[in-house]
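Reader: I'm new to this one. Can you walk me through a few spots?
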Amino acid sequence: MGQKTHPYGFRLGYNKPWKSRWYAGRDYAELLHEDVRLRKELKEKLKSAGISSIEIERAANKLVVRIFTARPGIIIGRKGAEIDKLKQDVQKRTKREVHIDIQEVHRPELDATLVAESIAMRKSVDSALRFGCKGIKVRVAGRLNGAEIARKEWYLQGRLPLQTLRADIDFGTAEAHTTYGVIGVKCWIYQGENVPKRNTRPQEKPAAVAAD
């Protein structure tokens, strides 16, 4: 049986950042569930904005929510009306001081989550390759074409070195709710190698040997 690991978690701390950045002692479980709940509610509420990911930072009673989106104008609204409303809603739910930071995803064709959500398999694969990714794999599972028995299909083009840590691989999932049931979509996008820079100390010169 093959052993699988999450492509993002495998590279966490190496060339991928944590999506929740905070420290807690006794309240860890409560804050963790709050993060999960907040992400789920925001993704559901902002479904039409093309949400790629949501990062959360905490410091004392302050909460920073960083939303990566393909369509920031939908979240911000006219003259910032929608983002103010969203901020008040999050503050009311979490009872914390909230700051919302909107980051635009400039190339949604190279974002695995957004590709998974707007999947039309071959068309999205060709589009991602055209925008410069090194490899892409898409896998769908469920009652495809209304079949009685669920099955899995996948399509791979280019390279996808999953076991190479320095490989910058984005991973995203999505669900398509059809009349026949739910179809799951997984997407892997390889964007080349990303080796984190390490601080190297200059080598100390050996002390001069005294001449006899």
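Reader: Where is alanine 60 found?
Author: This is a predicted model. In it, alanine 60 lies in the loop between strand 2 (51–59) and strand 3 (62–69).

Reader: OK. What is phi at alanine 60?
Author: Positive, about 55°. And alanine 60 is not a glycine.

Reader: Is alanine 60 buried or exposed?
Author: Exposed. Its relative accessible area is 84%, and the cut-off for exposed is over 50%.

Reader: Next, lysine 79. Which loop holds lysine 79?
Author: The loop between helix 3 (72–76) and helix 4 (81–94).

Reader: And what is the phi of lysine 79?
Author: Near 55°. That is a positive value in a residue other than glycine.

Reader: Buried or exposed, this lysine 79?
Author: Lysine 79 counts as exposed, at 84% relative accessibility.

Reader: Switching to sheets. In what order do strands 5, 6, 7 and 8 sit in the open sheet?
Author: The order is 6-5-8-7. The sheet has 4 strands, and the pairing is antiparallel.

Reader: Which strands are at the edges?
Author: Strand 6 (151–158) and strand 7 (167–178). Each of them pairs on one side only.

Reader: How are neighbouring strands turned against each other?
Author: By 10° on average, ignoring direction.

Reader: Back to strand 7. How many bridges does strand 7 share with strand 8?
Author: There are 11 bridges between strand 7 and strand 8 (residues 181–193), in the antiparallel sense.

Reader: What stands opposite phenylalanine 171?
Author: Tryptophan 188, in strand 8.

Reader: Last one. What do strands of a sheet pair through?
Author: Backbone hydrogen bonds, either parallel or antiparallel.

Key
Residues are numbered from 1 along each chain as its sequence is written. This is a predicted model: local features need pLDDT of at least 70, side-chain atom pairs count only at pLDDT 80 or more; totals for chains, interfaces and linings use all residues. Side-chain values use heavy atoms; hydrogens and water are left out. Two strands pair if DSSP finds at least two bridges between them. Helices (H or I, at least four residues) and strands (E, at least two) are DSSP runs, numbered from the N terminus. Axes are lines fitted to C-alpha atoms, for helices over the stretch in contact, and angles run from 0 to 180 degrees between N-to-C directions. Buried means under 20% relative accessible area, exposed over 50%, partly exposed in between (1.4 Å probe, protein chains only).
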